[in-house]
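Please examine the structure shown below and follow the explanation with the sequence at hand. The paragraphs move from single residues to pairs and groups of side chains.

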Amino acid sequence: AGTFNQGLHRSIPGVIGNRWAPVLGSLPANLVVNDLLVTAAGTAYMAVYGYGGLQQSSDGGRSWLPVDFGGPTLSIVHAMDESPVDGTIYISADDGQVWRFAGGYWDFAGRLPGGASHTPWAFAADPTVAGRVFAGTFGDGVWRSDDYGENWIKVAGGALPNGGSIHIFDLEFDPELSPTTLWAGTPLGIFYSQDGGVTWVDGSAGLG
């Protein structure tokens with residue numbers, strides 16, 4: 001469990017009462033954790049504010065080491081996701097940067113067009129199309145790349161308010177629905193798309 005200013009906590013199986021314990025190692029107790037990801041191969045990644053931006057663990061989260069990007073140092077990693085199709089990992093970093101991990105190394109893919117104003121707060125890799133990934137921004141809606149994060153287009157048709165210029169807090173693909181369905185969490189409700197983000201439908205009915 002990642003927290004804001006209270007670092008990372010790990011559940012302790014079989015412990016009665018307090019089932020959580022902080023994970024420190026070389027990390028500070030007041031670490032800001034933005035996102036967590038466990039890959040299909042079992043490697044855990046933690047997106048953080050500072051401390052290289054991205055930490056990784058190969059022992060179930062008991063210890064963490066900064067990711068080596070081959071030279072650059074990132075100050076903030078905001079969001080990440082792994083493609084179920086080919087295992088490519090995408091992360092978003094400072095000033096709208098997009099990085100990807102494939103073939104054993106990290107590669108800088110580019111930036112969203114708006115730079116810092118388009119820094120993705122959420123990533124969702126398409127579960128059926130290799131190279132397709134969606135980014136949710138703070139204030140300018142949903143963007144889509146069909147070439148592994150190198151080029152981006154805004155996808156904002158249909159019911160998304162303000163012409164799609166809205167905060168996107170989370171993006172998730174539904175593992176049950178067919179056709180492939182992408183959900184977006186916003187300040188004005190929940191919306192979904194079944195055509196690659198081209199059009200959106202308000203799915204907030206029943207929410208208080």
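In this predicted model, N162 counts as exposed because its relative accessibility is 57%, and the cut-off for that class is over 50%. N162 is found in the loop between β15, residues 157-158, and β16. The backbone at N162 also deserves attention, since its phi is near 55°, a positive value in a residue other than glycine. Most residues other than glycine have a negative phi, and most peptide bonds are trans.

A second residue with a positive phi is D95, where the angle is about 55° although D95 is not a glycine. D95 belongs to the loop between β8 and β9. With a relative accessibility of 42%, D95 counts as partly exposed. The peptide bond from S178 to P179 is cis, its omega being near 5°. P179 is placed in the loop between β16 (170-173) and β17 (182-186).

The loop that holds D95 also holds D94, between β8 (89-93) and β9 (97-102). Is D94 buried or exposed? D94 counts as buried, because its relative accessibility is 15% and the class of buried residues lies under 20%. When neighbours within four places in sequence are left aside, D94 is in contact with L74, S75 and I76. Between D94 and I153 there are 20 Å in space, C-alpha to C-alpha, and the two residues are 59 residues apart in sequence.

The next topic is the pairing of charged side chains. Side chains of opposite charge can pair when their charged atoms come close. How many salt bridges does the structure hold? There are five salt bridges in the structure. In one of them, the side chains of D107 and R100 meet with an N to O distance of 2.7 Å. The partners fall into separate classes of accessibility: R100 is buried, with a relative accessible area of 14%, whereas D107 is partly exposed, with a value of 26%. R100 and D107 are also linked with E150 in a network of salt bridges.

Another carboxylate partner is D146, which forms a salt bridge with R132, and the closest N and O atoms of that pair are 2.7 Å apart. This pair links distant parts of the chain, because R132 lies in the loop between β11 and β12 while D146 lies in the loop between β13 and β14 (153-154), 14 residues apart. D146 forms a salt bridge with R144 as well, the closest N and O atoms being 3.1 Å apart. R144 counts as buried at 11% relative accessibility, whereas D146 counts as partly exposed at 40%.

Aromatic rings form a further set of pairs. A search of the whole structure finds eleven aromatic pairs. Why does the pair of W121 and F138 count as stacked? The ring centres of W121 and F138 are 4.3 Å apart and the planes lie at 15°, so the pair is stacked; the cut-off for stacking is an angle under 30 degrees. The pair links distant parts of the chain: W121 is in strand β11 (residues 120-125), and F138 is in the loop between β12 (133-137) and β13 (142-145), 17 residues apart. Both rings belong to residues that are partly exposed, W121 with a relative accessible area of 38% and F138 with 39%. Together with F169, W121 and F138 make a nonpolar surface patch of about 300 Å². Elsewhere among the aromatic residues, one cluster is formed by Y45, F69, W99, F101, W106 and F108.

W121 also leads to T137, a residue of strand β12. T137 is buried, with a relative accessible area of 0%. Which residues are in contact with T137, leaving aside its neighbours within four places in sequence? They are L112, H118, T119, W121, W143, I166, H167 and I168. W121 thus appears in three settings: the stacked pair with F138, the nonpolar surface patch and the contacts of T137.

Definitions and conventions
Residues are numbered from 1 along each chain as its sequence is written. This is a predicted model: local features need pLDDT of at least 70, side-chain atom pairs count only at pLDDT 80 or more; totals for chains, interfaces and linings use all residues. Side-chain values use heavy atoms; hydrogens and water are left out. Rings of Phe, Tyr and Trp (its six-membered ring) pair if their centres lie within 6.5 Å; planes under 30 degrees apart count as stacked, over 60 as edge-to-face and the rest as tilted. Helices (H or I, at least four residues) and strands (E, at least two) are DSSP runs, numbered from the N terminus. Buried means under 20% relative accessible area, exposed over 50%, partly exposed in between (1.4 Å probe, protein chains only). Contact means heavy atoms within 4.5 Å. A salt bridge is a side-chain nitrogen of Lys or Arg within 4 Å of a carboxyl oxygen of Asp or Glu. Patches are made of residues with over 30% relative accessible area and no salt bridge: like charges are joined within 9 Å, nonpolar side chains (Val, Leu, Ile, Met, Phe, Trp, Tyr) within 5 Å. Accessible areas come from the Shrake-Rupley method with a 1.4 Å probe; for residues, only the protein chains shown count as cover.
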